[in-house]
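Biologist: I am new to this structure and should be grateful for a close look at a single part of it. Please consider the salt bridges, and explain what they connect and how accessible the paired residues are.

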Amino acid sequence: MEVRAKKYLGQHFLTDQTIARRIAESLEPETAEGQGGTDVLEVGPGMGVLTQYLLPAYGNRLTVAEIDGESVDYLRIHYPELNIIEGDFLQMDLARRYPHGVRVIGNFPYNISSQIFFKVLDCKEQVPQVVGMVQREVAVRIAAPPGGKDYGILSVLLQAWYDIEYLFTVPPGVFNPPPKVQSAVIRLRRNRVERLDCDEELFRRIVKATFNQRRKTIRNSLGSAFPAVREAVAGGREPHPFFGLRPETLSVAQFVELTRWVMTLLTA
């Protein structure tokens, strides 16, 4: 039985066993302090190219989440001992299912890879580590430092909570069907930040507002998104020192500082 790759699900099945093993081995074990979670969740296993290396290592601590019914049937035949969730990872309640944490790994479907990382952000208290293969441009963007065109919303939001490593590049020819782009594997490990020194929801709003108008200066993008900022400056309030900059130049810490400044206007 073979599973047909479905374009609408963004499926590209990895066929290179060496790369599959390397991805599986990139998931680090829990630490002596118990950090990292004992459970492992593979997202989008397809025909189990990663699963075959994860299952011997994690046994019944491994669960896979697969939305494609044909892939689920294949996995049930070839891996009868495997814990399978037939459903959408994006809709899973990770806090309820994994109150003690879960490490996430997968050859992520390219059409929802960004959504997967936003899901991880929403569940950051449950997800201490992620190893994912994604389009190379997405991996570059997530790992990018401030100052370049690749640095953006996902860069700032993920780097606020995770240490990020770009591990290696994967060529198109090791997939069936081959994608039109290069892929890459990245690893995210939860940092020691328990909470940001600002209103976290406002922080996210400011990051999105500024990067959604990234060609504009902070003054103009914040003024468009927050009338209170525009009105305060027009009324004589001293503008923030970052106002003349563009968002790609600001570090996570500087976005935190900017958020605290905007909060003083919104609560005045």
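Modeller: The following account takes the salt bridges pair by pair and then turns briefly to one helix contact. The model is predicted, and residues are numbered from 1 along the chain.

The structure holds nine salt bridges, and three of them are described here, beginning with Glu125 and Arg190. In this pair the closest N and O atoms are 3.1 Å apart. Glu125 is found in the loop between helix 5 (113-122) and strand 6 (129-135), whereas Arg190 belongs to strand 9 (residues 183-190), so the salt bridge ties together parts that are 65 residues apart in sequence. The two partners differ in their surroundings: Glu125 has a relative accessible area of 54% and is exposed, while Arg190, with 19%, is buried. The class of Arg190 follows from the cut-off, because buried means under 20% relative accessible area.

Strand 9 also contributes Arg187, whose side chain meets that of Glu165 in a salt bridge with an N to O distance of 2.9 Å. Glu165 lies in strand 7 (residues 162-170), and this pair links distant parts of the chain, 22 residues apart. Arg187 is buried, with a relative accessible area of 10%, and Glu165 counts as partly exposed at 25%. The pair does not stand alone: salt bridges that share partners join Glu28, Glu165, Arg187 and Arg189 into one network.

A further salt bridge is formed by Asp150 and Lys149, with the closest N and O atoms 3.7 Å apart. Here Lys149 counts as exposed, at 71% relative accessibility. Asp150 is partly exposed, and its relative accessible area is 31%.

For context, a contact between two helices may be set beside these pairs. The axes of helix 9 (residues 218-225) and helix 10 (residues 227-234) come within 5 Å and cross at roughly 120°. Helix 9 and helix 10 are therefore oblique to each other. On the side of helix 9, the residues that meet helix 10 are Arg219, Leu222, Gly223, Ser224 and Ala225. Their counterparts in helix 10 are Pro227, Val229, Arg230 and Val233. By class, the residues of this contact comprise five nonpolar, two polar and two charged.

To return to the request, the salt bridge of Glu125 and Arg190 joins a loop to strand 9, and that of Glu165 and Arg187 joins strand 7 to strand 9.

Key
This is a predicted model: local features need pLDDT of at least 70, side-chain atom pairs count only at pLDDT 80 or more; totals for chains, interfaces and linings use all residues. Side-chain values use heavy atoms; hydrogens and water are left out. A salt bridge is a side-chain nitrogen of Lys or Arg within 4 Å of a carboxyl oxygen of Asp or Glu. Helices (H or I, at least four residues) and strands (E, at least two) are DSSP runs, numbered from the N terminus. Buried means under 20% relative accessible area, exposed over 50%, partly exposed in between (1.4 Å probe, protein chains only). Axes are lines fitted to C-alpha atoms, for helices over the stretch in contact, and angles run from 0 to 180 degrees between N-to-C directions. Angles under 35 degrees count as roughly parallel, over 145 as roughly antiparallel, 65 to 115 as roughly perpendicular and the rest as oblique. Contact means heavy atoms within 4.5 Å. Ala, Val, Leu, Ile, Met, Phe, Trp, Tyr, Cys and Pro count as nonpolar, Asp, Glu, Lys and Arg as charged, and the others, Gly among them, as polar.
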